[in-house]
Amino acid sequence: MTVDQAAGARDTAPRSAHVPVVIVGAGPVGVTAALLLARRGVRTVVLERHHDIYPLPRAVAADDEVRRILQAAGVGDEFAAIARPARGLRLLDARHRVMAEFPRAAQGAHGFPQTSMFDQPELERLLRDALARRPECDLRTGVEVVGISVGIGVGGGVGVDGGQDGNGPVRVTFRRDGVEEHLWADAVLGCDGAGSLTRDAVGAGWQDLRFEERWTVVDVRTSAPVRCWEGVEQICDPDRPATFMRVGEDRYRWEFRLRDEPEPDHERLRELIAPWVDPSYGADLEVVRQAQYTFRARIADRWRRGRVFLLGDAAHLTPPFIGQGLGAGMRDAHNLTWKLARVLQQGADERLLETYESERKPHTRHAIRLAVTMGWAMTGGQDGAAALRRGVLGAAFRIPGLPAAAARDLSPALAAGPLVRRRALRRARWGGRGLVGGICPQPWVTADGWRVRLDELLGDSFAVLTAAPPSPSLRAVADGLGARIVPVADLGDDGRLSAWLRAGRADAVLLRPDRVVMDEVPSGAADFTDIAGWAPLLHSARKPLPAQQTTATSLLRSATR
């Protein structure tokens with residue numbers, strides 16, 4: 001936009017409001033991001049083109065880390081009421097014989113069942129209800145976002161920050177009832193799906209990770225007896241790969257790959273599900289939804305421009321074979337929101353926001369590749385070596401411990417970076433990479449006579465868990481970050497956190513608000529390994545910090561604006 005064009009737009013544009021954050025899209029990822037920001041006092045406007053939630057099922061599985069994120073968003077108990085724990089994943093051959101089994105525990109490290117099945121419309125409804133209870137959130141439905149302008153000054157002129165990579169206000173243009181309106185925002189979160197307008201605004205393109213298949217997805221309600229393992233079954237048959245799972249008390253989902261063939265009609269559908277349901281019960285089958293999807297593996301080449309960010313399907317598309325499509329988007333929201341709140345509310349260094357893409361992109365790429373590998377294992381091709389490859393796969397997963405290790409690999413530790421401080425000294429002197437980059441487990445603990453989950457005790461900010469008396473420097477770091485120091489010996493958690501620290505050869509850990517371990521005090525040491533590396537990103541320019549004369553506080557302190 002030229003200066004003259006901007007001036008013309010200023011003369012004709014309606015009066016515009018300013019809000020801290022605009023979120024484009026009110027699906028589970030967008031609403032969860034709004035709730036997480038609200039818990040930190042950040043106001044949001046959520047813009048959604050549909051008037052109500054999409055009524056048909058889509059996502060159906062969540063792991064225990066996603067459930068922990070829902071807990072952080074304030075809807076953990078409500079989700080528990082609609083969720084159904086699942087036993088895990090089985091790989092079956094064409095004759096439905098078990099090739100490999102990936103068990104999932106009734107309670108994982110995050111304090112919830114490792115796999116839970118649910119109905120997405122129910123999840124969206126409880127998220128919307130929670131949003132309505134938050135005065136910081138304004139949901140506007142029936143609006144179409146038609147433009148996102150990055151780095152343009154308030155009032156329509158060219159922003160003083162200059163260029164489209166500036167950190168100036170972002171103008172969001174939308175239509176409601178045929179009338180064009182504007183909002184100015186300090187940040188915009190694009191949670192608007194695979195056809196994202198926000199992705200176009202940041203100038204991002206897709207990187208193709210080389211997986212594309214056409215499948216039909218069928219959701220069924222029936223009271224007929226169904227042969228069900230109470231987990232997810234993947235049929236590794238190159239002629240007819242399929243997925244089956246129980247979603248609810250009388251709800252089931254089948255997915256079948258399609259070749260050059262039409263979508264199956266009712267009679268053909270009865271034939272396809274016959275291994276699970278006796279065809280004589282066909283009349284009792286209610287098809288809730290039947291839709292064709294093209295499963296793709298893609299990741300955006302950039303996730304940010306200035307203060308505009310991509311989350312969820314706007315940033316990445318994954319085949320559904322390991323159930324991480326929704327989970328990846330929820331992890332995006334959990335990773336970004338605390339950082340954005342710290343920048344907007346406390347004046348933290350703008351470089352803190354750069355860690356969103358650098359942390360989430362490799363993690364998401366790993367999950368997509370794992371899903372593609374599972375898809376390869378299911379379909380296996382039709383060449384002469386297909387049977388051999390499936391045989392090798394089945395033998396490999398009979399190795400003791402391998403299925404459990406593969407299940408843990410669904411969400412590996414974050415790679416080293418500005419907020420994940422791993423050092424060569426740590427590996428050489430103490431061995432291994434320690435606990436940094438992983439997520440702290442969440443046992444039940446005792447606080448003031450009440451049994452609560454760990455995160456309820458820690459709150460929404462940083463925290464220090466320690467198995468040794470904290471040094472003056474460690475206390476100074478905690479004071480500078482507003483972090484609570486929690487001795488693990490007195491938590492009544494049956495020693496789980498103490499054992500976790502011992503296994504990681506650490507006397508203390510510093511937890512980020514998303515519960516990722518940012519730094520550690522190795523056993524026998526007194527201080528965190530690299531305060532100078534992360535402290536400059538987290539300093540506050542709006543809230544003066546305690547005046548202890550230590551390295552930690554001098555790095556974290558800056559003047560009040």
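**View 1. Arg140 sits in strand β8, which spans residues 137-141.** In this predicted model, Arg140 has a relative accessibility of 18%, and a residue counts as buried under 20%, so Arg140 is buried. Look for the side chain of Asp138, which makes a polar contact with the side chain of Arg140 at 2.9 Å. Which residues beyond its sequence neighbours touch Arg140? With neighbours within four places in sequence set aside, Arg140 is in contact with Val45, Val46, Leu47, Glu48, Phe174, Arg176 and Leu183. Gly25 is another residue to find here: its C-alpha atom is 9.9 Å from that of Arg140, although 115 residues separate the two along the chain.

**View 2. Helices α2 and α8 pack with their axes within 9 Å.** Two packed helices are described by the angle between their axes and the distance between the axes. Here α2 covers residues 28-38 and α8 covers residues 325-346, and their axes cross at roughly 30°. Angles under 35 degrees count as roughly parallel, and α2 and α8 are therefore roughly parallel to each other. Their crossing is right-handed. On the α2 side, the meeting residues are Pro28, Val29, Thr32, Ala33, Leu36 and Leu37. Their partners in α8 are Leu326, Gly329, Met330, Ala333, His334, Thr337 and Ala341.

**View 3. Asn335 is a buried residue of helix α8.** How much relative accessible area does Asn335 have? The value is 4%, and Asn335 is buried. Leaving out neighbours within four places in sequence, you can find Asn335 in contact with Thr355, Tyr356, Glu359 and Arg360, as well as with Arg512 and Asp514.

**View 4. Helix α3, residues 64-72, is mostly covered.** Nine of its nine residues are buried. Among them are the charged-letter names Asp64, Glu65, Arg67 and Arg68, along with Val66, Ile69 and Leu70. What caps the N-terminal end of α3? Asp63 does, with a side-chain oxygen 3.1 Å from the backbone nitrogen of Glu65. Past the other end, just after α3, Gly74 takes a positive phi of about 95°.

**View 5. The whole chain has 17 helices and 25 strands.** Stepping back from the close-ups, you can place them in a chain of 561 residues, 56% of them buried. Among contacts between residues at least 6 apart in sequence, 70% join residues at least 24 apart. The accessible surface of the chain comes to about 23300 Å², and carbon and sulfur atoms account for 50% of it.

Notes
Residues are numbered from 1 along each chain as its sequence is written. This is a predicted model: local features need pLDDT of at least 70, side-chain atom pairs count only at pLDDT 80 or more; totals for chains, interfaces and linings use all residues. Side-chain values use heavy atoms; hydrogens and water are left out. Buried means under 20% relative accessible area, exposed over 50%, partly exposed in between (1.4 Å probe, protein chains only). Helices (H or I, at least four residues) and strands (E, at least two) are DSSP runs, numbered from the N terminus. A polar contact is a pair of N or O atoms within 3.5 Å; within protein, one must be able to donate a hydrogen and the other to accept it, and residues adjacent in sequence count only if both atoms are side-chain atoms. Contact means heavy atoms within 4.5 Å. Accessible areas come from the Shrake-Rupley method with a 1.4 Å probe; for residues, only the protein chains shown count as cover. Axes are lines fitted to C-alpha atoms, for helices over the stretch in contact, and angles run from 0 to 180 degrees between N-to-C directions. Angles under 35 degrees count as roughly parallel, over 145 as roughly antiparallel, 65 to 115 as roughly perpendicular and the rest as oblique. A crossing is left-handed if the near helix is turned anticlockwise from the far one by less than a right angle, and right-handed if clockwise.
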